[in-house]
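These are my notebook entries on a structure that I went through chain by chain. I wrote down what I looked up, in the order in which I looked.

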Amino acid sequence: MRKIKNLIMTVMISLATLICLIPLFLLLYYVIKMGISSINLDFFIKNPKPMGEIGGGMLNSIVGTLIVLGMASLIGIPFGLATGIYLAENKGTKLAEWVRLSTEVLVGIPSIVIGILVYSWVVKTMNTFSAFAGSIALTIIMIPLLARSTEEVLLMVPNTLKEAAFALGASRWNTQRMIVMKTAMGGIISAILSSIGRIAGETAPLLFTAFGNQFFSTKLFRPISTLPIQIFTYARSPNVVQNKMAWAGALLLVSMVLLLNFSAKWISQALVKRSKN
Amino acid sequence: MFYMRSDKVFKIVLLVFGFLILFFSIGIFIQLSSSAWLSIKQNGVSFLFKSVWDPNKDVYGALPFLIGTFITALLSVFLSLPLSIGTSLFLSDYVKGNFSNIISSLIDLLASIPSVVYGLWGLFMLVPYIRILENWLFKYAGFIPLFNSKPYGVGILSATVVLLIMILPYSISVIKEVLKMVPDDLKEAGYALGANKWEVMQKIVLPYIKSGIFAGTGLSLGRALGETMAVTMVIGNRNAVPTSLFDPANTLASVIANEFYEASSASHVSSLIYLALILFVFSFLVNFTMQLILRKINTGMIKK
Amino acid sequence: MNSEEIAIQAKDFSAWYGEFKVLKNINIEVPTKHVTAIIGPSGCGKTTFVRCINRLHELTPGAKVSGDLMLYEKNIYHSDPMKIRRTIGMVFQRPNPFPTMTIAGNVMAGYSLNSIRLKSSDYRDILEDSLRKAALWDEVKDKLNKFGSELSGGQQQRLCIARAIASKPKVILFDEPCSALDPIATGKIEELIRELKSQYTIIIVTHNMQQAGRVADYTAFFMLGELIEFDQTEKVFTNPAKSLTEDYITGRFG
């Protein structure tokens, strides 16, 4: 009886794992199957045609995504790194504990709320939706994520190395820069990549900030089209051609995000291996 | 002296960033409250209990969205529980080494797929099957109140299923972390007494990680509450209190996503921000509590 | 006690971790260009004492000190801590070469970490001289640009000694430098310490009394944060003045 129960539970537990994995495979399968047929050269180099016409591509959204992500990274990476260093350097102090708690709370804030917030702060102040506002929204999501993972990798650097540097008369700044950051470099790069991966797919915070644009635009202070928003719009369109475009966009977006994540993982693993030698 | 100066600058810069983060999280609350002030003044607390939301008549009540949010979130978290506990046990105690690592990273992939892609997939691939399931249930189990409305496919049930898939990796990663803290000698003691694997899991491991499971579930609840795009795309967007699992509905997040950019009247905008404020407070409370619990678990384990 | 010149002098020196007083009113005069060993049971404050000398102790949150600690009659705690640390080198319990730096980079880390630029001829000279003094030159001269992590444990520790020497310190502190090493590597480090004392004042913390007997001219015995006895090594080991010292060196406790 006990044996049978044990066996049943083993089967159930394995089954649970299988059930968790099935959606992943189904999703990837469908995204590839539905998206691949619309991926061609035009997809990358042409702008969308008006609804009803066949052809066209998503150039404006691809460029828009790159602009918004690039700008968000430009602000978010230094800010996130600095906060992470602050947390690691001041571990144990009251203020740092509060800062850590606020990063945790920030991570938990629904991204649509961030969108509303940036709408109030940036869009209303500047009186226009803009690529800039979208970047700010993504930056706000990126900072706490990056700060926490940066703190984690910095704390993995052995304390004896820091002490050795201090014992040679190094300042905190030089120790951080030349010893701690260098030793943790792989982890930091991988943290940066995965935080970019996280914000690359964010849609909700862009709805009321970058907004969207049917046309090609690279202006920072004008509304801009992004892949996630365009997928959302096309998915809800009654037009089959646009639905297909949504799948193609999804395939591109998923590939981007997975690529960022894989390279992050690969870098950190390669470095773990190196440090073990 | 240069070193001393650069050190001071370094310290101050870090401090400024730390403070910015701190002020920022307080600033969110203040900004949302002030933007929602018009609606708060007009509707007061009874906003939470009014069941009609009709921007055309300038009537705003949050009840349909509160119910939509909590039903989908709680239901998906509840349904995900056996799956996430099972998978975590599988990964920590039933398989080892590389195989476990590969499956872990696959499950982590679930978390990295953008919400809008879940929505797209849900809308075109999942909803048709759910419609078939709903029709079947409606036909044979329609006498049960939960199943007694006309199925559309899009609605509470579809949103719940998509959410369920999306939150799995979050609760699994928390539970996996807590499982690592179960001391090996406890388990070995169990085996030494002749218990088999499941008995060790049931009698020793699961009781030991109870609070960790709670925290993991809570964090995924926080996720589910605020999830926007995927839910917006499959929930059917109807501003009324749902009465069955098949009803199209709206959550706090999905109604904001749907109506915010087309809202023209000041009271409509302000009421939507009021909804955002409520969403913020709920997810703040959930996250804050769970982080405190997780911290307690961590420090408690260190003391042991 | 003797007529040697004093390198380091503690006057009523105490140190705390939070509320816990780790060092209690230490008075000691460490003579210059000799090896002084600090022995005592674990938790006696011996490591804390050397960490106070180069002001590493204060980097621990909640740490504080009182009393005076002098380096050649200059108060260590009235000076710039970074300058003090450059004047007082330290070698740690476990070899800790910087994994991101080459062997040469490790030796010269005291300069790069302080943003000091050297003429390339000076750089070569200091590099070679430090490695020679650390008895490592012949073993690494062909792989100066390889990473330090490729060396054996004993070589890594000598690399750390070269790193300390390169900054031209007056005093070198050794905090149980051989606790992670095998007997042969230990023997080499001890030999090195005996050679270095002609140029540097050396303080070595050790839990190994034979080691103190082998390398130290003077020995200080610490217990529960107090300095129990300080004298010439031979005297401490053969004819201690305090019964506590006798109990410890004869192995009756600790």
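Entry 1, a cut-off to settle beforehand. I take a residue as buried if 20 or more other C-beta atoms lie within 10 Å of its own, as exposed if 12 or fewer do, and as partly exposed in between, with C-beta atoms placed from the backbone. I also note that I am reading a predicted model.

Entry 2, positive phi in chain C. With that cut-off I looked up Glu73(C), which counts as exposed because it has 8 C-beta neighbours inside 10 Å. Its phi is near 65°, a positive value in a residue other than glycine, and I found Glu73(C) in the loop between E4 and strand E5 (74-75) of chain C. I then turned to Arg55(C), which is not a glycine either and has a positive phi of about 60°. Is Arg55(C) buried or exposed? I count Arg55(C) as buried, because 21 other C-beta atoms lie within 10 Å. Arg55(C) sits in the loop between helix H1 (46-53) and E4 of chain C.

Entry 3, the four-stranded sheet of chain C. Both loops led me to E4(C), so I looked up its sheet next, citing the edges along with it. Four strands form an open sheet in the order E2-E1-E4-E5 (chain C), and the pairing is antiparallel. Strands E2 and E5 of chain C are at the edges with a single partner strand each, so one side of each has no neighbour in the sheet.

I followed the pairs one at a time. Strand E1 (residues 6-17) and strand E2 (residues 20-31) of chain C run antiparallel and are joined by eight bridges, and in this pair Ile6(C) has Pro31(C) of E2(C) as its bridge partner. E1(C) and E2(C) form a hairpin with two residues between them, and in the turn Gly18(C) has a positive phi of about 60°. E1(C) is also joined to strand E4 (residues 63-71) of chain C by eight bridges, again with the strands running antiparallel. On that side I noted two bridge partners in E4(C), namely Ala63(C) for Tyr17(C) and Met70(C) for Gln9(C). Helix H1(C) lies across E1, E2 and E4 of chain C and runs at about 65° to E2(C).

Entry 4, the six-stranded sheet of chain C. Here six strands form an open sheet in the order E6-E7-E8-E3-E9-E10 (chain C), with mixed pairing. Its edge strands are E6 (88-91) and E10 (226-232) of chain C, each of which pairs on one side only. On average, neighbouring strands of this sheet are turned by 15° against each other, direction ignored. Helix H8 (residues 183-196) of chain C packs on the sheet and touches strand E3 (35-39), strand E7 (171-175) and strand E8 (201-205) of chain C, its direction making about 150° with that of E8(C). At one end of the order, strand E9 (residues 218-223) of chain C pairs with E10(C) in the antiparallel sense over six bridges, and Met223(C) has Glu226(C) of E10(C) as its bridge partner.

Entry 5, chain B. I found twelve helices and zero strands in chain B, and its C-alpha trace spans about 75 × 70 × 30 Å along the principal axes. Of its 304 residues, 47% count as buried. Among contacts in chain B between residues at least 6 apart in sequence, 76% join residues at least 24 apart.

How far does the predictor's confidence reach here? Chain B has a mean pLDDT of 89, and 97% of its residues reach 70 or more. Confidence in chain B is lowest in helix H1 (residues 2-35), at a mean of 79, and highest in helix H10 (residues 229-234), at 96.

Entry 6, the nonpolar core. The largest nonpolar core has 258 residues, and Leu120(B), Val162(B), Ile256(B) and Ala276(B) are those with the most contacts inside it. Helix H6 (residues 156-180) of chain B gives the most to this core, with 17 residues. The core also draws at least three residues from each of domain 1 (1-36) and domain 2 (39-276) of chain A. Leaving aside neighbours within four places in sequence, I listed the contacts of Val162(B) as Tyr118(B), Gly122(B), Leu126(B), Ala230(B), Val231(B) and Val234(B).

Entry 7, the domains of chain A. The centres of domain 1 and domain 2 of chain A, taken over C-alpha atoms, are separated by 31 Å. Five residues of domain 1 of chain A are in contact with six residues of domain 2 of chain A.

How values were computed. Residues numbered from 1 in each chain as written. Chains lettered and ligands numbered in written order. Predicted model: local features only at pLDDT ≥ 70, side-chain atom pairs only at ≥ 80, totals over all residues. Pairing = 2+ DSSP bridges. Axes fitted to C-alpha atoms, helices over the stretch in contact; angles between N-to-C directions. Contact = placed C-beta atoms within 7 Å. pLDDT = per-residue confidence, 0-100. Core = buried A, V, L, I, M, F, W, Y, C linked by C-beta atoms within 7 Å. Domains from an automatic or database assignment.
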